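Subject: Structure for your review

Dear colleague,

Please find below the structure that I am handing over to you. My notes on what was found in it follow directly after.

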Amino acid sequence: MSTPTCRLYLITPPTIDDLAAFGHALGAALEGGDVGVLQLRLKGVDEAIIEAAAHVLKPMLGARDIPLILNDRPDLAARFGCDGVHIGQEDGTFAEARRAVGPNRIVGVTCHDSRHLAMEATEAGADYVAFGAFFPTATKDAKTRADPEILEIWQEIMVTPCVAIGGITPDNCRPLVAAGADFIAVSAAVWTHPDGAGAAVAAFNREIAAGLAELGFRTG
């Protein structure tokens, strides 16, 4: 049996008014501990803003081998040199996304609380699937509520990585780690943390390590 791992999947705030200030916040977050992925998620903004953000973020992430994933727009992910794209169920088909980004970039798919959707995405070739929301969240209007059991079942039957998303904080993430999430997707719990983004990432990493230790595994 392979040793389970769980890492942070960090999502940007829904708006970035000051790229320089956000760059400092992201730097602090990355200094706080392990981050496996960063998703650039800016809804309803001009393409030039997304391009500018990608331009600032790519070198910071590339220096740490952290993939930059763009939300929703496979065409822009390819054009702006992102490492991949994340698509929802209403953002076109997986095949369209794969054609847009090519064979070597990451394509992840939102699957809500549905193993059926996740298996369809996996069969199509998705690099990861995302389940949620697991908890109430103000970051987006969650259409479904998922139970941690879906992560347990997924790990028993599939090898494609799974991401847990939705209202996750350092205080509630440990059951999702124990259930088998490969990644914990977080946004507001990091960017609005009272002690700053670095402290939030450190807190998440402590809880992830503790969750894995409870299962009899060690990290680091």
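I begin with L26, which touches L10, L38, L57, M60, L61 and W191 when residues up to four places away in sequence are not counted. Please keep in mind throughout that this is a predicted model.

Nonpolar cores

The largest nonpolar core comprises 62 residues, and L26 is among those that touch the most other members, together with L10, L40, F131, L151, I184 and V190. Helix α9 (residues 197-214) supplies the largest share of this core, namely 6 residues. A second core, separate from that one, has 9 residues, including I11, I69, V163 and F183. As general background, nonpolar side chains in soluble globular proteins tend to be buried together.

Aromatic pairs

Searching the whole structure yields 4 aromatic pairs. In one of them, the ring centres of Y9 and Y128 lie 5.7 Å apart with the planes at 70°; because an angle over 60 degrees counts as edge-to-face, the pair is assigned to that class. This pair links distant parts of the chain, since Y9 belongs to strand β1 (residues 7-11) and Y128 to strand β6, 119 residues apart. Y9 and Y128 are both buried, and they form one aromatic cluster with F183.

Strand β5 and its neighbours

Strand β5 (residues 106-110) is largely enclosed by the rest of the structure, because 4 of its 5 residues are buried. Strand β4 (residues 84-87) runs parallel to β5 and is joined to it by 4 bridges; within this pairing, V109 of β5 is the bridge partner of I87. Between β4 and β5 the chain passes through helix α4 (residues 94-101), giving a right-handed β-α-β crossover.

β5 also pairs with strand β6 (residues 128-132), again in the parallel sense, over 3 bridges. Here G108 stands opposite Y128, the residue of β6 that pairs with Y9. The chain goes from β5 to β6 by way of helix α5 (residues 115-124), and this β-α-β crossover is likewise right-handed.

Helix α6

In helix α6 (residues 149-157), the buried residues are I150, L151 and W154. Viewed down the helix axis, they fall within an arc of 100°, so they line one face of α6. These buried residues pack against α5, β6, β7 (162-165) and α7 (174-179). One of them, L151, has already appeared among the residues with the most contacts to other members of the largest core.

With kind regards

How values were computed:
Residues numbered from 1 in each chain as written. Predicted model: local features only at pLDDT ≥ 70, side-chain atom pairs only at ≥ 80, totals over all residues. Heavy atoms only, no water. Buried < 20%, exposed > 50% of the residue type's maximum accessible area, 1.4 Å probe, protein only. Helix = DSSP H or I, 4+ residues; strand = E, 2+ residues; numbered from the N terminus. Pairing = 2+ DSSP bridges. Right-handed = clockwise from strand over helix to strand, strands pointing away. Arc of directions from axis to C-beta. Contact = heavy atoms within 4.5 Å. Phe/Tyr/Trp six-rings, centres within 6.5 Å; stacked < 30°, edge-to-face > 60°. Core = buried A, V, L, I, M, F, W, Y, C linked by side-chain atoms within 4.5 Å.
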